[in-house]
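This report describes selected features of a single protein chain. The sequence and the model are shown first, and the account then proceeds from an internal cavity to a helix and to individual residues.

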Amino acid sequence: MRIIAITNLYPNPYQPQRATHNRQHLRALAADHDVRVVAPISWVDELQARLHGKPQLPDSRRCQRDGMAVVHPRYYYPPGMLRRYYGRFFLRSIRSYVHNLARECPPDILL
């Protein structure tokens, strides 16, 4: 079964200890299924990491983790304002990544 999981609560190069419980759940699914993860990183978190000297993500923003293909798109939102629209900002920021991934490997489940 092919699964695309979308979550901003997943470890990333800037926050490797972020939401390790989700990593464990998805790793368990990946033992029996083809799991691909879309784990967006907010532009604020990315900016803070870069200001602290961490390297930039590769242009593809893709990596392999625990045998799963993981993509880390950047998502934008205006911090502290228009909070009721954060979901829309999130969707607009990751939509093209999800569509491209779904074209590459049509999922049976979108999680």
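A cavity is a set of grid points where a 1.4 Å probe fits but cannot get out, and its lining residues have an atom within 4 Å of such a point. The model discussed here is predicted.

**Internal cavity**

The count comes to 1 cavity of 30 Å³ or more. The volume of the largest cavity is about 40 Å³. Its lining is formed by Asn-8, Asn-12, Gln-15 and Arg-18, together with Pro-40, Ile-41, Ser-42, Asp-45 and Tyr-75. By residue class, this lining comprises 3 nonpolar, 4 polar and 2 charged residues.

**Helix H3**

Helix H3 covers residues 86-104. At 1.5 Å a residue, its 19 residues should span 27 Å, and this agrees with the end C-alpha atoms, which are 27 Å apart. H3 nevertheless has a bend of about 45° at Ile-94. Ile-94 is also one of the buried residues of H3, as are Ser-93, Val-98 and Leu-101. The cover over the buried residues of H3 includes four strands: S1 (2-6), S2 (34-38), S4 (62-65) and S6 (74-75).

**Leu-26 in helix H1**

Helix H1 (residues 20-30) contains Leu-26. Is Leu-26 buried or exposed? Because buried means under 20% relative accessible area, Leu-26, at 6%, is buried. Leaving aside residues up to four places away in sequence, Leu-26 touches Ala-5, Tyr-10, Val-35, Val-37, Met-68 and Leu-111. The C-alpha atom of Leu-26 is separated by 9.1 Å from that of Asp-66, although the two residues are 40 residues apart along the chain.

**Residues with positive phi**

Two loop residues merit attention for their backbone angle. Arg-61 has a positive phi, as a residue other than glycine, and so has Leu-82. Their values are set out below.

| Residue | Phi | Loop | Relative accessibility |
|---|---|---|---|
| Arg-61 | near 60° | between H2 (43-51) and S4 | 8%, buried |
| Leu-82 | near 55° | between S6 and H3 | 45%, partly exposed |

The burial classes of these residues follow from the cut-offs: buried means under 20%, exposed over 50%, and partly exposed in between. Arg-61 is therefore buried at 8%, whereas Leu-82 counts as partly exposed at 45%. The loop that holds Leu-82 leads from S6 to H3, and S6 is included in what covers the buried residues of that helix.

Definitions and conventions. Residues are numbered from 1 along each chain as its sequence is written. This is a predicted model: local features need pLDDT of at least 70, side-chain atom pairs count only at pLDDT 80 or more; totals for chains, interfaces and linings use all residues. Side-chain values use heavy atoms; hydrogens and water are left out. Helices (H or I, at least four residues) and strands (E, at least two) are DSSP runs, numbered from the N terminus. The expected span of a helix is 1.5 Å times one less than its number of residues. The bend at a residue is the angle between axes fitted to the seven residues ending there and the seven starting there. Buried means under 20% relative accessible area, exposed over 50%, partly exposed in between (1.4 Å probe, protein chains only). Contact means heavy atoms within 4.5 Å. On a 1 Å grid over the protein atoms alone, a cavity is a set of points where a 1.4 Å probe fits but cannot get out, and a pocket is an open set with protein on both sides within 12 Å along at least five of seven lines; lining residues have an atom within 4 Å of a point. Grid points are joined across faces, edges and corners, and a volume is the space filled by probe spheres set on the points. Ala, Val, Leu, Ile, Met, Phe, Trp, Tyr, Cys and Pro count as nonpolar, Asp, Glu, Lys and Arg as charged, and the others, Gly among them, as polar.
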